[in-house]
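The following note sets out several points for a colleague's consideration. They are best read with the sequence and the coordinates at hand.

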Amino acid sequence: MIEAGLPLWKRIRLRTKDINMVMRFAIWNVRTLLQAGNMNVIAQEAESYKMDVVALQEIRLKGRDSIRKSKFTLHYSGNDVRQGNRGIGCIVSKKVSRSVP
């Protein structure tokens with residue numbers, strides 16, 4: 001079903017099956033994602049607890065970007081000038097990624 005009365009670029013497709021979707025959220029201070037393998041460990045933990053959205057603190061990646069993997073997407077924002085300083089991110093499961101543009 002498409003909402004009427006909106007410009008074509010603002011129309012949103014509504015799916016009735018997503019209205020009753022149960023989602024699990026978590027917050028995690030990861031200290032850093034700069035070490036090799038840390039992102040995979042975090043993704044495995046989120047998957048084992050069946051988390052859909054995990055907010056991450058202190059990821060310490062530079063700039064703003066998204067990293068797409070097979071089971072999740074990492075959206076992050078860090079210091080623009082220096083890597084290894086500050087940063088936040090959000091791991092979103094594949095289930096939720098389909099509902100978010």
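Is E58 buried, partly exposed or exposed, and why does it count as such? The points below take up this question and then turn to the rest of the model, which is predicted.

1. Exposure of E58. The relative accessibility of E58 is 26%. Buried residues lie under 20% and exposed ones over 50%, so E58, at 26%, counts as partly exposed. The residue sits in the loop that links β2 (53–57) to β3 (64–68). Its backbone deserves attention as well: E58 is not a glycine, yet its phi is positive, at about 55 degrees.

2. R60 in the β2–β3 loop. R60 also lies in the loop between β2 and β3. Here too a residue that is not a glycine has a positive phi, in this case of about 65 degrees. R60 counts as partly exposed because its relative accessibility is 25%.

3. K62 and its surroundings. The loop between β2 and β3 also holds K62. With a relative accessible area of 42%, K62 is classed as partly exposed. When neighbours within four places in sequence are set aside, the contacts of K62 are with Y76, N79, D80, V81 and Q83. In addition, 7.3 Å separates the C-alpha atom of K62 from that of S77, although the two residues are 15 residues apart along the chain.

4. Overall composition. The chain contains 3 helices and 5 strands. Read from the N terminus, the elements follow the order α-β-α-β-β-β-β-α. Of the 101 residues in the chain, 27% are buried. Among contacts with a separation of 6 or more, 55% involve residues 24 or more positions apart.

5. The sheet. An open sheet of 5 strands is formed in the order β1-β2-β5-β4-β3, with mixed pairing. Its edges are β1 (25–29) and β3, each of which pairs on one side only. From one strand to the next, the twist averages 15 degrees.

6. The β4–β5 pairing. Strands β4 (residues 72–77) and β5 (residues 88–93) run antiparallel and are joined by 6 bridges. Within this part of the sheet, F72 is placed opposite S93 in β5.

7. Helix against sheet. Which strands does helix α2 lie across? Helix α2 (residues 38–48) lies across β1, β2, β3, β4 and β5. Its direction makes an angle of about 125 degrees with β4.

8. The largest pocket. The space in the largest pocket amounts to about 260 Å³. Its lining comprises 14 residues, of which A43, A46, E47, K71 and F72 are the closest to the centre. Two elements, α2 and β5, each give two or more residues to this lining. The greatest contribution comes from α2, with 5 residues. How many nonpolar, polar and charged residues does the lining of the largest pocket have? By class, there are 5 nonpolar, 4 polar and 5 charged residues.

9. Points to inspect in the model. The positive phi of E58 and that of R60 may be viewed together with the contacts that K62 makes with residues including Y76 and Q83. For the pocket, F72 offers a convenient starting place: F72 is among the residues closest to the pocket centre, and F72 also stands opposite S93.

Terms used
Residues are numbered from 1 along each chain as its sequence is written. This is a predicted model: local features need pLDDT of at least 70, side-chain atom pairs count only at pLDDT 80 or more; totals for chains, interfaces and linings use all residues. Side-chain values use heavy atoms; hydrogens and water are left out. Helices (H or I, at least four residues) and strands (E, at least two) are DSSP runs, numbered from the N terminus. Buried means under 20% relative accessible area, exposed over 50%, partly exposed in between (1.4 Å probe, protein chains only). Two strands pair if DSSP finds at least two bridges between them. Axes are lines fitted to C-alpha atoms, for helices over the stretch in contact, and angles run from 0 to 180 degrees between N-to-C directions. Contact means heavy atoms within 4.5 Å. On a 1 Å grid over the protein atoms alone, a cavity is a set of points where a 1.4 Å probe fits but cannot get out, and a pocket is an open set with protein on both sides within 12 Å along at least five of seven lines; lining residues have an atom within 4 Å of a point. Grid points are joined across faces, edges and corners, and a volume is the space filled by probe spheres set on the points. Ala, Val, Leu, Ile, Met, Phe, Trp, Tyr, Cys and Pro count as nonpolar, Asp, Glu, Lys and Arg as charged, and the others, Gly among them, as polar.
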